[in-house]
Amino acid sequence: MTYLSKIAHGVLVSGFVMLAGVAHAKELNIAITPPEESHYGAGAKAFKAKIEELSKGDVTVNIKANGVLGGEREVLEGMQIGSIEMAVTSTGAVGGFVPDTYVLDLPFLFKSYDSARTILDGPIGQGLLDKFEPQGLVALGWAENGFRHITNSKHPIKGPDDIKGMKIRTMENDIHIAAFNAAGAAPTPMSWNEVITALQQGTIDGQENPMSIFIANKIWDVQKYVTLSGHVYSPALVLMSKVTWDGLSDDEKAWVREAAKAAIQANRDYVSKNEEIGIKTLREHGIDVTEDFDRDGFVQAVQPAYEAFSEKYGSEVLDQIRDAQK
Ligand code: EAX
């Protein structure tokens, strides 16, 4: 082979290698509804850092915060068809796609953060993650939203009687709607993207979310009262579209799984930090925080949601979760 032909050959080969290299370059969008400075954003940033490190920049990540790609239900639909690659999302709208997860949305089911994290990281949690792939979603692990508390703009909520007829925004979640109906409130399901405006306009009186959402969205700008009801432990998920997943190499899949673990740790650490500073932060911003409320009264008031759930979905996993906390 002459010198010139060697050069031509080398250029040709490197061109193919470059092309192959570029062909492998992948860009993942991760959708979250809160701002990037949030517990979901912490998870997304950790995912981005880890996978860009492992792939040496071959896989890059864009964090799409503030619900710019849609509410959680729309994002799940987008992942099913492959138009959105990933999300860190609550289970709020997930039950409409994977009904088995509704059990996790039952009020007063988990006793503590440690208990919830242990159960979700064990066989019960894995069994639920395995239910996602038939719905076109790859569930990479259980992240965390947090224990949900009730906020409103009318008066302190000390017990179920105080929310009678109150227009409380809920997620688009049948279990939460049933629970607030049973408690005598007027549940108003809507995507998170609409909530702050609805609170500002007074079309709803209150909403319920974890401390991390309160802080990320400066809930004190639109609400006056917070009751630390802790009425639901709200899990979150790191999800990938199966369309995206099926287009990954084995190496890339391994990197995604490792990066998801990093995301979940960063997300949970961020929630733990917010739980430590939450009450003080709310009070510093003028929120009237009710800590002493009628928890037993709420537990009794929402019992019909359990009966409705068990009739429709059975109680096998519910009993497993209860037994795991005895
Ligand atoms: O996932 O919609 C909600 O109330 C969720 O907690 C929020 O979007 C974070």
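**Close-up views of the ligand site and two pockets**

**View 1. Residues around the ligand in the predicted model.** The shell around the ligand is formed by Thr-33, Tyr-40, Glu-72, Ser-90, Asn-145, Arg-148, Arg-169, Met-171, Trp-192, Asn-209 and Ile-213. By class, this shell comprises four nonpolar, four polar and three charged residues. The ligand itself occupies the largest cavity.

**View 2. Side-chain contacts to oxygen atoms of the ligand, shown for Thr-33, Tyr-40 and Arg-169.** In the side chain of Arg-169, an N or O atom lies 2.7 Å from an oxygen atom of the ligand. Thr-33 places a polar side-chain atom 2.9 Å from a ligand oxygen, and for Tyr-40 the corresponding distance is 2.9 Å. Of the 270 Å² that the ligand exposes when taken alone, the protein buries 99%.

**View 3. The largest pocket, with a volume of about 340 Å³.** This pocket is lined by 17 residues, of which Gln-126, Leu-129, Leu-140, Gly-141 and Trp-142 are the closest to its centre. Two or more lining residues come from each of α5 (123-129), β4 (137-152) and α10 (250-284). Strand β4 supplies the largest share, six residues. Eight nonpolar, three polar and six charged residues make up the lining.

**View 4. The second largest pocket, with a volume of about 250 Å³.** Its lining consists of 16 residues; Asp-100, Leu-128, Tyr-313, Glu-316 and Val-317 are the closest to the centre. Helices α5, α12 (303-313) and α13 (316-323) each give two or more residues to this lining. Nine of the lining residues are nonpolar, four are polar and three are charged.

Conventions:
Residues are numbered from 1 along each chain as its sequence is written. This is a predicted model: local features need pLDDT of at least 70, side-chain atom pairs count only at pLDDT 80 or more; totals for chains, interfaces and linings use all residues. Side-chain values use heavy atoms; hydrogens and water are left out. On a 1 Å grid over the protein atoms alone, a cavity is a set of points where a 1.4 Å probe fits but cannot get out, and a pocket is an open set with protein on both sides within 12 Å along at least five of seven lines; lining residues have an atom within 4 Å of a point. Grid points are joined across faces, edges and corners, and a volume is the space filled by probe spheres set on the points. Helices (H or I, at least four residues) and strands (E, at least two) are DSSP runs, numbered from the N terminus. Ala, Val, Leu, Ile, Met, Phe, Trp, Tyr, Cys and Pro count as nonpolar, Asp, Glu, Lys and Arg as charged, and the others, Gly among them, as polar. A residue is near a molecule or strand if one of its heavy atoms lies within 4 Å of it. A polar contact is a pair of N or O atoms within 3.5 Å; within protein, one must be able to donate a hydrogen and the other to accept it, and residues adjacent in sequence count only if both atoms are side-chain atoms. Accessible areas come from the Shrake-Rupley method with a 1.4 Å probe; for residues, only the protein chains shown count as cover. A molecule sits in a cavity or pocket if more than half of its atoms lie within 2 Å of its grid points.
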